[in-house]
Amino acid sequence: MPKLLIVDDETDIREFARNFFTKRQIDVFVASGGRQALEIVSKEDPNLLLLDVRMEEMTGIEVLRELRKTNPTVKVIMVSGVEDEETIKEANALGVIGYVHKPFILEELEKIVMAQLIN
């Protein structure tokens, strides 16, 4: 079963996405912050991360930098409510495969995530 890690500091978003993808036969893990996410990645080796850009403990970019030190190939999709050219540029340099904007459009989110998990 494919593994998805959802990293977002908003409980509603984490739980909504967890329920949505669990119903699609995806093994879903959630983290409320960067440190927790890095622990889960080291233990569970997910196929894909949905990683929020703006979080309190660590930014998504900081998590991505740490992640790339130990896991340079895991697929990451950044999630953001704002457009920030500098963040997008840095995330691209760190190898993200895409972006999803909040608020989520479910069909778009499902299409992007499922395409990455099935391939």
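## Overall fold and the setting of Lys102

For the 119 residues of this protein, a compact globule would have a radius of gyration near 14 Å, and the value of 13 Å found here agrees with that. The model is a predicted one. Along its principal axes, the C-alpha trace extends over about 35 × 30 × 25 Å.

The protein holds 5 helices and 5 strands, and from the N terminus on these elements follow the order β-α-β-α-β-α-β-α-β-α. Of the contacts between residues at least 6 apart in sequence, 61% join residues at least 24 apart.

Burial, surface and charge are summarised below.

| Property of the protein | Value |
|---|---|
| Buried share of the 119 residues | 45% |
| Exposed area | about 6,600 Å² |
| Share of the exposed area from carbon and sulfur atoms | 50% |
| Distance between the mean positions of the 15 positive and 22 negative charges | 4 Å |

One residue may be considered in detail. Lys102 is located in the loop that runs between strand 5 (98-101) and helix 5 (106-118). Lys102 counts as buried because its relative accessibility is 18%, and the cut-off for burial is under 20%. The side chain of Lys102 forms a polar contact with the side chain of Asp52, at 3.3 Å.

Beyond its neighbours within four places in sequence, Lys102 is in contact with two further acidic-charge positions and several other residues: Asp8, Glu10, Ile13, Asp52, Val79, Ser80 and Gly81.

Conventions
Residues numbered from 1 in each chain as written. Predicted model: local features only at pLDDT ≥ 70, side-chain atom pairs only at ≥ 80, totals over all residues. Heavy atoms only, no water. Helix = DSSP H or I, 4+ residues; strand = E, 2+ residues; numbered from the N terminus. Rg over C-alpha atoms; globule rule 2.2 N^0.38 Å. Buried < 20%, exposed > 50% of the residue type's maximum accessible area, 1.4 Å probe, protein only. Contact = heavy atoms within 4.5 Å. Areas by Shrake-Rupley, 256 points an atom, 1.4 Å probe, with all protein chains shown as cover. Lys, Arg positive; Asp, Glu negative; His and termini not counted. Charge placed at Lys NZ, Arg CZ, Asp CG, Glu CD. Polar contact = N/O pair within 3.5 Å; in protein donor to acceptor, adjacent residues only side chain to side chain.
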